[in-house]
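Hi everyone, thanks for making time. I'd like to walk you through a structure that you may not have seen before, so let's get it up on the screen.

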Amino acid sequence: MELAVYNIKGEDTGRKVTLNDEVFSRDLSEGNAEHTLYLDVKQFLGNQRQGTHKSKERSEVSGSTRKLGRQKGGGGARRGDINSPLLRGGGTVFGPRPRDYRSKLNKKVKALARRIALTSRVNDNKIIVIENFTFEAPKTKDYMNLAKGFNLEDKKVLLVMANDDRNVLLSVRNVPNALMAQAKDLNAYTVLNNDAILVTEDSLAIMNEF
């Protein structure tokens, strides 16, 4: 498969690059393709969670432990002290507790999920290859001009670079719907969570080796 190469103004250079079929032309009808994506995305999102959520239970609520009423004959259910979950301000029943959401996934499964995600993006015509570039200085305006050339000003865009270009990173960082990532750091969730992917030629060479 081949894709056209554009310059940063959105103009076709007349050149084409070849995509590795093993990476960008996977068979998405395979029985476990969707489940493989699910496992990888679930792990990625779970690993982002802090897991520090906590609600106070009955024994942790501040309040008197005096028994409110007699055991029988009150005409209602037993509720004990003022910290009872039945009363306003009482403890929470089965509330969240701190826990670790991190999980492990086989490296081969993660690599396969990334290839499936890239194939899906290519099939949807969401990957655009651009010439290698850099910005002379960190300017958000330079990135916006780049996005404007591809009519992506209001779209969620993933810009994939071959290395950590600081000027480009600082230019993209303040744009709410844009993200810059290095090719080696791509994962299935990052690839799928956007409207378009701008890939430089050098980073495509890295991606072809996935």
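Let me start with a question: which exposed residues does the face of H4 turned away from its buried side carry? Have a look while I set the scene. What you're seeing is a predicted model, so please keep that in mind throughout.

Okay, the answer is Lys141 and Lys148, both exposed. Now turn to the other side of that helix. H4 covers residues 140–149, and its buried residues are Tyr143, Leu146 and Ala147. If you look down the axis of H4, those buried residues fall within an arc of 95°, so they line one face of the helix. And what sits over them? The cover includes strand E4 (157–161), helix H5 (166–173), strand E5 (178–182) and strand E6 (196–200).

Follow the chain just past the end of H4 and you get to Asn151, which takes a positive phi of about 55°. Asn151 sits in the loop between H4 and E4. It's an exposed residue, with a relative accessible area of 61%.

There's another asparagine to put beside that one. Asn125 also has a positive phi, about 55°, although it is not a glycine. You'll find Asn125 in the loop between H3 and strand E3, and E3 is 127–130. Its relative accessibility is 68%, so with the cut-off for exposed being over 50%, Asn125 counts as exposed.

Next, the inside. The largest nonpolar core has 28 residues, and the members that touch the most others are Phe24, Leu118, Ile127, Val160, Leu186 and Met207. Helix H3, residues 107–123, gives the largest share of this core, with six residues. There is also a second, separate core of 19 residues, and among its members are Ile128, Leu159, Val168 and Ala196.

Let's zoom in on Leu186 from that list of well-connected residues. Setting aside neighbours within four places in sequence, Leu186 is in contact with Arg114, Leu158, Val160, Ala181, Val191, Met207 and Phe210.

Another good one to click on is Val199, over in strand E6. Val199 is buried, and its relative accessible area is 0%. So who does Val199 touch, not counting residues up to four places away in sequence? The partners are Ile127, Ile128, Val129, Ile130, Val160, Leu204 and Met207. Now compare that with the distance to Ala188: Val199 and Ala188 are 11 residues apart along the chain, and their C-alpha atoms are separated by 15 Å.

For a pair with a longer stretch of chain in between, go to Thr36. Thr36 is in helix H2, which runs over residues 33–48. How far apart are the C-alpha atoms of Thr36 and Ala113? They're separated by 5.7 Å, with the two residues 77 apart along the chain. Beyond its neighbours within four places in sequence, Thr36 is in contact with Val109, Leu112, Ala113 and Ile116. Thr36 is buried too, with a relative accessible area of 6%.

One more asparagine before we get to the pockets. Asn187 is in the loop between E5 and H6. Buried or exposed, would you say, for Asn187? Buried: its relative accessible area is 14%, and the cut-off for buried is under 20%. Leaving out residues up to four places away in sequence, Asn187 touches Asp40, Phe44 and Arg114. Gly89 is another matter, since the C-alpha atoms of Asn187 and Gly89 are separated by 44 Å.

Right, pockets. The largest pocket holds about 200 Å³ of space. Its lining has 13 residues, and those nearest its centre are Gly69, Arg70, Ala77, Arg78 and Arg79. Sorted by class, that lining has two nonpolar, six polar and five charged residues.

The second largest pocket holds about 160 Å³. Here the lining reads seven nonpolar, four polar and one charged. Among the lining residues are Phe44, Lys156, Leu158, Pro176, Tyr189 and Asn194. Which elements supply at least two residues each of that lining? E4, E5 and helix H6 (188–192) do. You've already met Phe44, by the way, as a contact of Asn187.

That's my tour. Happy to rotate the view if anyone wants another look.

Technical notes:
Residues numbered from 1 in each chain as written. Predicted model: local features only at pLDDT ≥ 70, side-chain atom pairs only at ≥ 80, totals over all residues. Heavy atoms only, no water. Core = buried A, V, L, I, M, F, W, Y, C linked by side-chain atoms within 4.5 Å. Buried < 20%, exposed > 50% of the residue type's maximum accessible area, 1.4 Å probe, protein only. Helix = DSSP H or I, 4+ residues; strand = E, 2+ residues; numbered from the N terminus. Contact = heavy atoms within 4.5 Å. Arc of directions from axis to C-beta. 1 Å grid on protein atoms, 1.4 Å probe; cavity = no way out; pocket = protein on both sides within 12 Å on 5 of 7 lines; lining within 4 Å. Points joined across faces, edges and corners; volume = space filled by probe spheres on them. Nonpolar A, V, L, I, M, F, W, Y, C, P; charged D, E, K, R; others polar.
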